[in-house]
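Work through the following exercises with the sequence and the model at hand, and try each task before reading its solution.

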Amino acid sequence: MTLLKIAKMGHPVLRQRARTIADPADPAIRRLVEDMAQTMLDANGVGLAAPQIYRDLRVIVFHVPPERGETGDAKAPSGITALINPEIVPIGDEMALGLEGCLSIPGIRGVVPRHRRIGYRGLAPDGTVLEREAEGFHARVVQHEVDHLDGVLFFDRLHSLADIAFDEEAHHLLERYQPQDRG
Ligand code: NI
């Protein structure tokens, strides 16, 4: 296991479209996924995308800690999910506002609109197809991480720059919006 350095906002790797992984069965991909999972947990993150560790590849890891799941969000997976070449399809057109942070933008949070429900699919590191429906915080994390694969940061999704705050002031955003997703 290796802890990886995390790219911060401003590095060009975070602004490019990452490459599709041609050989998901490559053992190097499995090692990469393991290192990404360790790096995410070490940094107290809930998700990490390969561009955030300077790798131009379409792979993400994430988890939904039980305390972050929402009422009725029974479908949230336990443990860490790794997805290779993930794709998302929104279900319905309902949007939800929720507080997000990003390991590449440390110390800052923002109120970000996301699809309330999505379907997503991709390959697990063992080569099997993983297909799920997600809602609430689970859906939010997956959308945030897949955005990273397209060079998109949560700042790009804000309604207004007034919707960002430093961590210690972020409760003011919650007071203002009373979002459905208290991420
Ligand atoms: Ni992020």
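Which residue takes a positive phi just after H2? Just after this helix, Gly151 takes a positive phi of about 75°. The model is predicted, so local features need pLDDT of at least 70 and side-chain atom pairs count only at pLDDT 80 or more, while totals for chains, interfaces and linings use all residues. Residues are numbered from 1 along each chain as its sequence is written, and side-chain values use heavy atoms, with hydrogens and water left out.

**Exercise 1.** Describe the extent and the surroundings of helix H2.

Step 1: H2 covers residues 136–149 and, with 14 residues, reaches 21 Å from its first C-alpha to its last, close to the 20 Å expected at 1.5 Å a residue (the expected span being 1.5 Å times one less than the number of residues).
Step 2: because 14 of the 14 residues of H2 are buried, the helix is largely enclosed by the rest of the structure (buried means under 20% relative accessible area, with a 1.4 Å probe and protein chains only).

**Exercise 2.** Identify the protein donors of the nickel ion and place them in the chain.

Step 1: the donors are Cys102 (SG), His144 (NE2) and His148 (NE2), which lie 2.0 to 2.2 Å from the ion (donors are N, O and S atoms within 2.8 Å of the metal, or 3.2 Å for Na, K and Ca; water is not among the atoms, so sites may look incomplete).
Step 2: their spacing in sequence is C-x41-H-x3-H, and distant parts of the chain are linked by Cys102, in the loop between strand S4 (95–100) and strand S5 (108–115), and His148 in helix H2, 46 residues apart.
Step 3: Cys102 counts as buried at 10% relative accessibility, as does His148 at 1%.

Conventions:
Helix = DSSP H or I, 4+ residues; strand = E, 2+ residues; numbered from the N terminus. Buried < 20%, exposed > 50% of the residue type's maximum accessible area, 1.4 Å probe, protein only.
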